[in-house]
Amino acid sequence: MNEKVCVVGLGYIGLPSACLIADASFCVVGVDIDKQVIENLKKCKIDITEPDLLPLLKKCLFKGDLDFFDSPTEADFFLICTPTPVKFLKNKVEPDLSFVFQAIYSLAPYLKNKNSIIIESTVPIGTIEKIKTYISELRPDISEIFLAYCPERVLPGNIIFELKNNTRIVGGIDQVSTNKITDFYKKFVLGDILKTTCKIAEMCKLAENAYRDVNIGFANELSLICNDNNISVSDVINLTNRHPRVKILKPGIGVGGHCIPVDPWFLISENHERTKIMRAAREVNQDKTIFVYQDIEKKIKMFSEKNNRLPIISFLGITYKENSNDIREAPALNIIKKLRQTFTNFFIVDPYVDEVINIKTKNIDLALKDSDIAVILVKHKQFEKIRSISHSKLIIFDYTNV
Ligand code: SAJ
């Protein structure tokens, strides 16, 4: 009989993982506390736009290898893919592990000896050890459980491909767990699977995303210096990157999404004195969004003084990155939310989003026709030819043109 896998948390990692594992001849049960999510999935309805996900979901449901429930069932492998957000408290920022521990609590009654539990959610260093203690408190009758941390490292927009092909890290609580859970991943991952300890795996995931944040912060800092000196940062970066050992990332309007602006806090909160660069990068990246907001305000003022009226502005792009419909932690959204407290003469254009903060997005041709200014905040591919569809008086400010 096929081995059974219970995937807890059916978000942008859990759902594609459940489908991929079911496609590899496991019998998979996907679990989510949100009953609406379960109802929709049973009808093949998803709101994640991810290439290849819907056909894979349909195939697995049709074959009967995948089903969805709102609470766990018995299984050989439990895969936890619940979110781990951060809480912004008065004097500190703290990781919120309640969803992960809630998931463990909910599956505990179904555990049997020699079951495996795998955590994929981003967690602070030492969490897997805490989970082991928690499981033994919940189920003192169980003598042997395999437990490992295996962080996901996929790029939204390319999840199915990357889940299959990326190199994975498996960090077990002990050697037996590492081996057993590595063998499990080998059944549906084509990329290399590297064995390590759970603490190293926890640190690797946090280091990966903090590395990105720090490097984007560096690029954003350069962009502000170039702006002050009236030189093109894109020229500087293109030329600098011709050095064989330099690879500067792209400056932007700030860092969005649910990973890179969040994960550095997992390290900062526990290692405050040791994370000076990471804290600075967070600050620089957050400040970059404020800089863009203030610069837009300045441009509105200049237009008003020159023309004796407020401009009509089309804001192009509202998502956290290009060619995506994801608005979580989107800097563009934060800019518009703040701006609309004092300025409402604008359209939002985003081919991937129908409505946001109670504003219906507008077709690009219609919006530009009626606008004085176009502000590009996110470089969706649909905006590449903006100059060919804009009228001669349209002023374009491109904050992504780096
Ligand atoms: N950004 C820049 N400049 C750059 C690159 C990105 O300003 O040079 C901005 C983007 O505009 C966006 C944010 O950073 O607002 C994050 O975008 P992203 O595409 O770099 O990353 P995510 O959040 O979509 O996914 C990341 C991935 N990490 C990368 O290093 C590319 C992925 O590998 C991780 O698994 C994922 O986070 C995660 O779940 O942790």
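Nine of the ten residues of helix α1 are buried, so α1 is largely enclosed by the rest of the structure. Buried means under 20% relative accessible area, exposed means over 50%, and partly exposed is in between (1.4 Å probe, protein chains only). Helices (H or I, at least four residues) and strands (E, at least two) are DSSP runs, numbered from the N terminus. The buried residues of α1 are Gly14, Leu15, Pro16, Ser17, Ala18, Cys19, Leu20, Ile21 and Ala22. Just after α1, serine 25 takes a positive phi of about 70°.

The model is predicted: local features need pLDDT of at least 70, side-chain atom pairs count only at pLDDT 80 or more, and totals for chains, interfaces and linings use all residues. Residues are numbered from 1 along each chain as its sequence is written, and side-chain values use heavy atoms, with hydrogens and water left out.

Now the cores. A nonpolar core is a set of buried Ala, Val, Leu, Ile, Met, Phe, Trp, Tyr and Cys residues joined through side-chain atoms within 4.5 Å. In soluble globular proteins, nonpolar side chains tend to be buried together. The largest nonpolar core here holds 42 residues, and Val28, Leu66, Phe184 and Tyr185 touch the most other members. Helix α1 (residues 14-23) supplies the largest share of this core, six residues. Apart from it lies another core, of 28 residues. Its members include Phe315, Ala330, Leu339 and Val375.

Valine 28 is worth a closer look. Contact means heavy atoms within 4.5 Å. Not counting residues up to four places away in sequence, valine 28 touches Val5, Val7, Ala18, Ile21, Ala22, Asp65, Leu66 and Asp67. Valine 28 also stands opposite leucine 66 in β3. Two strands pair if DSSP finds at least two bridges between them. β2 and β3 pair in the parallel sense over four bridges. Side chains alternate along β3 (residues 66-69). Leu66 and Phe68 point to one face and are buried, while Asp67 and Phe69 point to the other and are not.

What follows β2? Isoleucine 33 lies in the loop between β2 (27-31) and α2 (35-42). At 70% relative accessibility, isoleucine 33 counts as exposed. Isoleucine 33 and serine 71 are 38 residues apart in sequence, yet 6.8 Å apart in space, C-alpha to C-alpha.

Next, arginine 168, found in strand β9 (residues 168-172). Arginine 168 is buried, with a relative accessible area of 2%. Leaving aside neighbours within four places in sequence, arginine 168 is in contact with Glu120, Cys150, Pro151, Glu152, Arg153, Leu163, Tyr185, Val189, Asp192, Ile193 and Leu194. A polar atom of its side chain lies 3.4 Å from the backbone oxygen of cysteine 150. That is a polar contact: a pair of N or O atoms within 3.5 Å, where within protein one must be able to donate a hydrogen and the other to accept it, and residues adjacent in sequence count only if both atoms are side-chain atoms.

Glu152 leads on to the ligand. The ligand is surrounded by 20 residues, the closest being Glu152, Lys205, Asn209, Lys250 and Tyr320. A residue is near a molecule or strand if one of its heavy atoms lies within 4 Å of it. Oxygen atoms of the ligand take part in several polar contacts. A polar side-chain atom of glutamate 152 lies 2.7 Å from a ligand oxygen. For lysine 205, a polar side-chain atom lies 2.6 Å from a ligand oxygen. Glycine 256 uses a polar backbone atom, 2.8 Å from an oxygen atom of the ligand.Now an open sheet. Its four strands have the order β12-β11-β15-β16, with parallel pairing. β12 (346-349) and β16 (395-398) stand at the edges, each with a single partner strand, so one side of each is left without a neighbour in the sheet. Neighbouring strands of this sheet are turned by 20° against each other on average, direction ignored. Axes are lines fitted to C-alpha atoms, for helices over the stretch in contact, and angles run from 0 to 180 degrees between N-to-C directions. Strand β15 (residues 373-376) and β16 pair over four bridges. Valine 375 stands opposite phenylalanine 397 in β16.

Helix α12 (residues 331-339) has Pro331, Ala332, Leu333, Ile335, Ile336 and Leu339 buried. The buried residues of α12 pack against α11 (276-307), β11 (313-316), β12 and β13 (355-356).

Phenylalanine 383 lies in the loop between β15 and α14 (386-389). Phenylalanine 383 is buried, with a relative accessible area of 2%. Beyond its neighbours within four places in sequence, phenylalanine 383 is in contact with Leu316, Gly317, Val349, Asp350, Pro351, Ile364, Ile376 and Val378.
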